[in-house]
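Subject: Structure handover

Hello,

Here is the structure for you to look over. My notes follow below it.

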Amino acid sequence: MNDKIAEKLKKLPAQPGCYLMKDAAGTVIYVGKAVNLRHRVRSYFTGSHDGKTELLVANIDDLETIVVDSEAEALILESNLIKEYLPHYNILMRDDKHYPYLRLTLDEQYPRLLVARRAKNDGSKYFGPYPDVHAMRLGLGFIRDSFPLRSCSGKSWRAGQRACLNAHIGRCLAPCEGRVSAEQYRAVVDEVQMFLSGKTKELLKRQRQLMDEAAAELRFEQAARHRDIINGLTQIQMRQQLDVGERAGHYDVAAVAVAEGQAVAQVFFVRGGKVIGNQHQFFANAGSGDPAALMQSFFLDYYAGGDMLPPHIYVNALPEDKQPLEQLLAASCGHKPQISKPQAGDKRRLLRLAEENAKLLLSNQLNSEQRREQRNAEALERLRTLLQLPRTPQRIECYDISHIQGAHMVGSMAVALGGEIAPRHGRKFKIKTLDHSDDFAALAEVLERRWRRGREEREQGKTPLDFGNWPELLLIDGGKGQLSAVRERLDELGAGQVNIIALAKENEEIYTDAHGEPLLLPREDAALQLLQRLRDEAHRMAVTYHRQLRGKGQLHSELDDIEGVGPVRRQALLRSFGSLKNIRAASLEELAAAPKMNKAAALKLYAALHPQQAGTGESKGEEE
């Protein structure tokens, strides 16, 4: 924290408002709001924070505050500032695709009705969003035929000019030519607002009254126009699945899903008890993945400024500032939408469906080739930085050992190339030099065979190389002990230049030669997840190979054929003595004293393991 920031922290007001964090170049990198600016801003520079916040604080060179009167005003200001500056450390909506709105330009003397992609605070009135774009286009066509507002742009329109073709075919009131007064034009604008606001009954009543008045005054052409509007409104009312005056069954369901630093929001539109559409948006910067913060960001970006909000919005995570947010939405749509989290019933089932759709969208996004490449590149670069490697580890190898009580050990080598698991490059090993439990020795044998094969390939000039491609990073499943043992063995093999790390499974601690204490990374860290995937692949290969050998009878033990030694006794013997070699070396008395054994079973076992002593050793033992 520099002197400039320290001085500003002393003078912070204890009032609601927004704060802007800036970097050394003066760029706004974060915008936030607070009920109490003094407490909130100072908290960034005291105590411990998550990784993202620590990076933010490290890049803050200056800050600015804006005081407002209430928390609701701070919420509105924060939303506007984020949209203006697009700060790097704020949660932003990545997808610009929105359902369209209809925009009535009330800020103009003679308003127009236009299609808009987003609702803005520009003096116009916005209706929507409309998930059924085809239905919106049909409604827009009816409006232009029945309520002929001008459609020319503000730049091309001017009073006193000749009317265009739209005026001659009855699709424009031609205010430019003076055919209609400003008051008459505004009356038609009011009718358009009534129609778009769903006030069909009131509009029908008004049109019938105007038709009767025109007919009584013998203005039959105008009476016919009102009659046609009535007929069109009646047909539309019959086709509507929902009477917007009835609020039951009229709500939205929104869910957010988070994974691997990415997030998506999914919303379903329910009208008249029927799902009539859905929409999803991805977040460009999901940050720590807090669902409450993500949901608030989604509401501010998607709902704020809209006029046609349902009375209820059901969510899987309540926004951080629920009450101020409801006030903000109420100011824009004229009623206060209720934001809540259903616990049971149809709404909870639909919300669960929205969650599943969001997770599926996120899974597809994360598994896309482009995203995988980006994620792998980020993970490898993160590993290089964390482990202080001289270059990015493009080839990483992981080794695992699998066995049962030391009998017939197998080993595996899993390989990741460019951050992606490469099954074709993986290898399996049958341990040849051991018949007892010793993971360190088994691992040493696998590494020696792998390095020997690699040297042979290089000496023979084989292309393409397989084992001859040395890893930039070697991963061991274990802790400090396994790391030291492997380092010692590789030094003996002349491969000491290879970078080695160990990953302890219980707490996912990373042990390295460069750090005395293990590294602990967040579970969502891309580097840790890459190491976990590779370790799990090595474990899967070893266990699968082990089971294959057992299935083929290649793990058949001499104990399996001995009368009186069943599965329970066999396992007890192996646990007690450690290996078949030790069982064979045990005396008759030691065998009889073992768990689950008795004198008769020990005699049969000893005779089977020492056939050369049959009839001699055992009878002597009996005599003695």
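For which residues does the model have six contacts beyond four places in sequence, while pLDDT stays under 50? That stretch is residues 615-624. Keep in mind that this is a predicted model.

**Confidence**

The mean pLDDT of the protein is 80. A score of at least 70 is reached by 87% of the residues. Confidence is lowest in helix α21 (residues 617-623), with a mean of 34. It is highest in β10, at 92. Residues 239-248 also fall below 50. This second stretch makes 13 contacts in the model beyond near neighbours in sequence.

**Overall**

The protein has 624 residues, and 47% of them are buried. It holds 21 helices and 19 strands. Take the contacts between residues at least 6 apart in sequence: 59% of these join residues at least 24 apart. The exposed area is about 31,800 Å². Carbon and sulfur atoms supply 49% of that area.

**Strand β1 and its partners**

Strand β1 covers residues 17-22. Six of its six residues are buried, so the strand is largely enclosed by the rest of the structure. In a regular strand the side chains alternate between the two faces of the sheet. Here both faces are covered. Gly17, Tyr19 and Met21 are buried on one side. Cys18, Leu20 and Lys22 are buried on the other. Note that Lys22 is on that buried list.

β1 has antiparallel pairing with β3 (residues 62-67), through six bridges. It also pairs with β2 (residues 28-34), again antiparallel and over six bridges. Met21 has a bridge partner in each: Leu63 in β3 and Tyr30 in β2. The hairpin of β1 and β2 has five residues between the strands. Within that hairpin, Gly26 takes a positive phi near 85 degrees.

**The sheet of β5, β4 and β6**

These three strands form an open sheet. The order is β5-β4-β6, and the pairing is antiparallel. The edge strands are β5 (113-116) and β6 (125-127), each paired on one side only. From one strand to the next, the twist averages 30 degrees. Helix α7 (residues 182-196) packs on the sheet and touches β4, β5 and β6. The direction of α7 makes about 160 degrees with that of β4. Strand β4 (residues 101-104) is joined to β6 by three bridges. Leu104 stands opposite Lys125 in β6.

**The largest nonpolar core**

In soluble globular proteins, nonpolar side chains tend to be buried together. The largest nonpolar core in this model has 27 residues. Which of them touch the most other members? They are Phe283, Phe298, Phe299 and Tyr303. Five elements give two or more residues to this core: β7 (251-259), β8 (262-271), α10 (291-302), β10 (312-315) and α11 (322-333). The largest share comes from α10, with seven residues.

**Positive phi outside glycine**

Most residues other than glycine have a negative phi, and most peptide bonds are trans. Two residues to check against that:

- Leu86 is not a glycine, yet its phi is positive, at about 45 degrees. It is found in the loop between α4 (71-85) and β4. Its relative accessibility is 57%, and the cut-off for exposed is over 50%, so Leu86 counts as exposed.
- Ala174 has a positive phi near 55 degrees. It lies in the loop between α6 (165-168) and α7. Is Ala174 buried or exposed? Ala174 is buried, with a relative accessible area of 0%.

**Glu177**

Glu177 lies in the loop between α6 and α7. It is partly exposed, with a relative accessible area of 38%. Leaving aside residues up to four places away in sequence, Glu177 touches Gln161, Arg162 and Ala163. Gln161 is 16 residues from Glu177 along the chain. Their C-alpha atoms are separated by 5.9 Å.

Regards

How values were computed
Residues are numbered from 1 along each chain as its sequence is written. Side-chain values use heavy atoms; hydrogens and water are left out. Two strands pair if DSSP finds at least two bridges between them. Helices (H or I, at least four residues) and strands (E, at least two) are DSSP runs, numbered from the N terminus. Axes are lines fitted to C-alpha atoms, for helices over the stretch in contact, and angles run from 0 to 180 degrees between N-to-C directions. Contact means heavy atoms within 4.5 Å. A nonpolar core is a set of buried Ala, Val, Leu, Ile, Met, Phe, Trp, Tyr and Cys residues joined through side-chain atoms within 4.5 Å. Buried means under 20% relative accessible area, exposed over 50%, partly exposed in between (1.4 Å probe, protein chains only). Accessible areas come from the Shrake-Rupley method with a 1.4 Å probe; for residues, only the protein chains shown count as cover. pLDDT is the predictor's confidence in each residue, from 0 to 100.
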